[in-house]
Amino acid sequence: MKTFMSFAAVLLLASSLTQTGYAAKSSNDIKKELDAVDQQAHDAAVKQKQAEAQKQQSQKLKDRTQADLGVVLQAINEVSSQLSRVSNDIAQTEAGLRQAEIDLKATKQRILAREGMIDTRVRMMYTDGMVSYLDVLMSSNNFSDFLARADSLRMIVEQDQDILQQQEQDKQAVIITQKQLNTDYTRAKSLYAEKAQRKQELNAKENEKQVLIAKYNAQIENADDISTEQEQQLWALADQRATLFKEKTAVEAREREEQAQAEARARAAEEARRAAAAAAAARVAASAPADTSASDSNSGSDSGTDGGGDSSGNYQPSGSGMMTMPVVGARISSPFGYRIHPITGEYKMHTGIDLAAAQGTPIYAADGGTVVVASWMNGYGNVVIIDHGNGIQTLYAHIRDGGTVVSVGQSVGRGDKIAEVGSTGNSTGPHCHFEVRVNGTPVDPMGYL
């Protein structure tokens, strides 16, 4: 809608130019229209610069956000890796717990079995006491049998003590193992929950960054639309300027012709008046012959000057179809045609040729004509556009700041200095981007050089 309204205003102005004939206008009327076009062109250039500044700011924020997003994604990958390790640890811990439960069950069964045997032994010892051992010893047949029985009793006692120790060790092992496994399992579960929460937070940040990037992309796209719209408007205004300059030339020529005709009529009227006065004086003299002092000195005539008018600033098309190279000794670093854009990386049409030269190198008019644009234009940076008549225009872009030496409406000749090489706009180094357009369509400049 915004683009439509802007171009509607341009078309409305253009229609007003075509509907009003030359005879109905004065040079002052055309000057007012030119001033209106200049104001529109100035406003369009300002909007372009504002859009370019917004685009650069949005691009910086996007780049910064993408860098932050890269860090977040790396953190997410690290968390995912940690979660994988934690999951393995939990799986191993759970497997250990399951095995521990089996071991605990077996241990508890051994404990229960020992407890039964120990209870039996204790009851026997409580019932029989130490006398049972003495009875065993005293009932020996001989000394060797006594020693054997004593050794057997010693082994029984040691076995009882060993059983009691194993029982105690198993009980302690059960307690320690179960406590450690419970601790490990709780720690693993807690770590898993913590990592899961961390990943959730990182995912939220990732989504936030993606939203910001989408926002900055929208701002960049909007800035590009504005810049493109204003660029098209500047081209349309350049065409209007060319039309108005032609009309101005015709109107000024008509005004000079009318002024000359009016002066001729005034001279004729003056001569007729003087002739009538002379005739009247002659009649008076004839009626009074004695009066010899009368003089007919008034019969002379004076000659007027023919006002030619000031033709400075008039549109003088002189396009010859054969142009001179705008930058002397320059190297063609990029020809006309499709190419990979050195900044955006897009495969797109290169609408002119790039003439590489040092910063400040003079840029000359490729042919004579009238300057219709001398301002900032989108990716072109500082530009000069010259209208050569017959629908032919040339554009000189990336002019250094302060390097433009001509102004809108100025007539230039073939080879006149108009600017100096720079690197403004979308440029990777000092050069002059040179275009030739025929009826608004870019053509290969090499066909005119």
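**Cores, a surface patch and two ring pairs**

I340 sits in strand β2. In this predicted model, I340 counts as exposed because its relative accessible area is 55%, and anything over 50% falls in that class. I340 also has company: together with Y338, Y347 and M349, I340 makes a nonpolar surface patch of about 480 Å². Two strands, β2 (337–340) and β3 (347–350), each supply at least two residues of the patch.

Two members of that patch deserve another look, this time as rings. A pair of aromatic rings is described by the distance of the centres and the angle of the planes. Searching the whole structure turns up 2 aromatic pairs. One of these is Y338 with Y347, a stacked pair with 5.6 Å centre to centre and 25° between the planes. The stacked label applies because planes under 30 degrees apart count as stacked. Is Y338 buried or exposed? Y338 is exposed, at 58% relative accessibility, and Y347 is likewise exposed, with a relative accessible area of 58%.

Y396 and F434 also form an aromatic pair, with 5.3 Å centre to centre and 40° between the planes, and this one is tilted. Y396 belongs to strand β8 and F434 to strand β11, so the pair ties together parts that are 38 residues apart in sequence. As for cover, Y396 is buried, at a relative accessible area of 0%. F434 is buried too, and its relative accessible area is 0%.

Y396 and F434 lead straight to the inside of the chain. In soluble globular proteins, nonpolar side chains tend to be buried together. Here, the largest nonpolar core has 23 residues, and the ones that touch the most other members are I363, V384, I386, Y396, I418 and F434. Which strands each supply at least two residues of this core? They are β4 (353–356), β7 (381–389), β8 (392–399), β10 (417–420) and β11 (431–438).

I418 shows what such a spot looks like in detail. Leaving aside residues up to four places away in sequence, I418 touches I363, Y364, A365, V384, I386, Y396, G403, T404, V405, V406 and V412. Apart from the largest core lies another one, made of 21 residues, including V37, A41, F245 and V383.

V383 turns up again among the neighbours of S375. With residues up to four places away in sequence left out, S375 touches A45, G381, N382 and V383. S375 itself lies in strand β6, which covers residues 369–377. S375 is partly exposed because its relative accessible area is 24%, and that class runs between the 20% and 50% limits. S375 and S407 are 32 residues apart along the chain, and their C-alpha atoms are separated by 9.0 Å.

Stepping back, the whole chain can be summed up with a few totals. The secondary structure comes to 4 helices and 12 strands. The chain has 449 residues, of which 32% count as buried. Among contacts between residues at least 6 apart in sequence, 75% join residues at least 24 apart. On the outside, the chain exposes about 25,900 Å², with 54% of that area supplied by carbon and sulfur atoms.

Definitions and conventions: Residues are numbered from 1 along each chain as its sequence is written. This is a predicted model: local features need pLDDT of at least 70, side-chain atom pairs count only at pLDDT 80 or more; totals for chains, interfaces and linings use all residues. Side-chain values use heavy atoms; hydrogens and water are left out. A nonpolar core is a set of buried Ala, Val, Leu, Ile, Met, Phe, Trp, Tyr and Cys residues joined through side-chain atoms within 4.5 Å. Buried means under 20% relative accessible area, exposed over 50%, partly exposed in between (1.4 Å probe, protein chains only). Contact means heavy atoms within 4.5 Å. Patches are made of residues with over 30% relative accessible area and no salt bridge: like charges are joined within 9 Å, nonpolar side chains (Val, Leu, Ile, Met, Phe, Trp, Tyr) within 5 Å. Accessible areas come from the Shrake-Rupley method with a 1.4 Å probe; for residues, only the protein chains shown count as cover. A salt bridge is a side-chain nitrogen of Lys or Arg within 4 Å of a carboxyl oxygen of Asp or Glu. Rings of Phe, Tyr and Trp (its six-membered ring) pair if their centres lie within 6.5 Å; planes under 30 degrees apart count as stacked, over 60 as edge-to-face and the rest as tilted.
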